[in-house]
Amino acid sequence: MIIALIIIGVMFLFGIFFYNSLIGKKNQVTNAFSAIDVMLKKRFDLIPNLVEVVKQYTTYEQGTLTKIVELRAKATSGNITPAEKAQLDSELSSSMKGLMVNIENYPDLKANSNFINLQTTWTESEEQIAAARRTYNATVTDYNNAIMMFPGSLFAGMLNFQPTPVLETAAEERKNISAKELFNN
Amino acid sequence: MQFGIDGNVALQQVLATMEIERKKIASTQTKGYIFILLGIAVAVLGIMLGFPILLPIIVGLIPLIYGGILHLKISDNLATYKNAYKRDVIGAALKFLDESLALQPNAGIEASEFVYTQLFTQDPDRYNTEDLVTGSAGKTRFYFAEVHAEYKTVTQTKNGTRTEWHDIFKGIIFAADFNKNFNGITIVRPKGFANALGAWFSKNVFSFGGSDVVKLENPDFDKAFVTYGSDQVEARYILTPAMMERILKLNHETKYDITLSFIESRMYIAFPLDRNYFEAPVFKSLINAEALNDDIRAVKFMYDIVQELDLNTRIWGRD
């Protein structure tokens, strides 16, 4: 009788421990996701300044600039899903890359200290977003492992924990040194 | 010979002059050793041949003392010679590599900085440092120095207490300005048994300190190192996939595993080493400069780290 009670007690404690650790891991995933959001916001905040500076010096980039401003407006409008946001961000990135290439034709702009500053911050934010995404994927993997491996899989099934997909990176974004190549040529 | 030392007339002249001094010191020291050995031999032989015990000891003592005096007399010259070697030879040779390089034989990395780097978890009880080299490669300033840090253990024995000294670290600590801004602390330690166990505990049971284990996606890197960071995102901002590859490559080039830490936009690397660098040879010729070449190679290795880790790419908001 006593032995049975002890076994039940131990199993109960074990259950609590496991449940808490799963919740902890799940919260880490949420936390890591909001870190990406913070980094994205930082990047979106750069755009108005960047557009202003570029506008002063360029004549033929109006189309690209308008597109970038529109994308930013959409991305910061608030009522979009994370997946849409990621999609907008990747579109924004490729537009920006195109713009940066064209900027080679404007030596005055390239020499502008304000622009150089923004450009550095842009690259910095790009690398930070990459880091945040990797952090997110690491926490997701950790969480998925916990709920898919035995004995976690038992609890996860009962308590309805679902595996979360990792973030896939667009092929062009996979090389996160691309920004450097872009700015240095 | 390498690094253009051979073709440098001025340096060769300095070496030739110092070679005369070296020979003088070497021959005096050899003479001293011979007399000391002679003294011991006489004493031992005398006792074995059955002379009254005091006689061979006294007779043996005379050459022994003379040998000791010879060593004592030359010790000043030896110190001057060693200092001159560091100043005139190493100092000049460093300039070949890069004008900015300079050696300060009596300076080093302070004990407080050693603790601050958090490269090692144990605080030193005895600490020695010398031969600080400072310089810059491109836009990146760096410095490194020889460091020997030890801790002691005191054990109770029958005859009282016994103090033993153990190495925390012996080798070169390298510090360079990192090319990205960061506020937290990231530490990369080789994956020894203790570190692996500690990492497992801190990941699965509870974490201590402000630093958590950072699980990185490069499997080779994860196999070789345990990474701790106060900020998960920041640790990955520093340790990009490219940076992890470069660190692995650097680790392959050294005999012992390296430890790295990133604190307040500066990086520290600890290279454990067996030998003492920048010391003048006494019983080896200066002319073919084997030791000098080894020293220069070590400095070149440190100098090249900046290139190898791509620290001169300054596009992330740090000039």
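## Exercises: domains and chain contacts

In this predicted model, the C-alpha centres of domain 1 and domain 2 of chain B are 36 Å apart. Let's work through how these parts meet.

**Exercise 1.** Find which stretches of chain B form its two domains, then describe the side of domain 1 that touches domain 2.

*Solution.*
- Step 1: Start with the bounds. The domain assignment places domain 1 of chain B at 9–97 and domain 2 of chain B at 102–308.
- Step 2: Look at where they touch, taking residues as in contact if their C-beta atoms lie within 7 Å. Domain 1 of chain B brings 18 residues to this contact, and domain 2 of chain B brings 18 residues.
- Step 3: Now find the elements on the domain 1 side. Helix 1 (9–48) and helix 2 (54–97) of chain B are the ones that give two or more residues. Helix 2 of chain B has the largest share, with 11 residues.
- Step 4: Sort that side by class. You should get 11 nonpolar, three polar and four charged residues.

**Exercise 2.** Work out how many residues chain A and chain B each put into their contact, and which helix of chain A gives the most.

*Solution.*
- Step 1: Count each side. There are 17 residues from chain A and 12 residues from chain B.
- Step 2: Stay with chain A and look for its helices. Helix 5 (113–148) and helix 8 (178–184) of chain A each supply at least two residues to the side that touches chain B.
- Step 3: Pick the main contributor. Helix 5 of chain A gives the most, 12 residues.
- Step 4: Finish with the classes. The chain A side splits into six nonpolar, six polar and five charged residues.

Terms used
Residues are numbered from 1 along each chain as its sequence is written. Chains are lettered from A and ligands numbered from 1 in the order in which they are written. This is a predicted model: local features need pLDDT of at least 70, side-chain atom pairs count only at pLDDT 80 or more; totals for chains, interfaces and linings use all residues. Two residues are in contact if their C-beta atoms, placed from the backbone, lie within 7 Å. Helices (H or I, at least four residues) and strands (E, at least two) are DSSP runs, numbered from the N terminus. Ala, Val, Leu, Ile, Met, Phe, Trp, Tyr, Cys and Pro count as nonpolar, Asp, Glu, Lys and Arg as charged, and the others, Gly among them, as polar. Domain bounds come from an automatic or database domain assignment.
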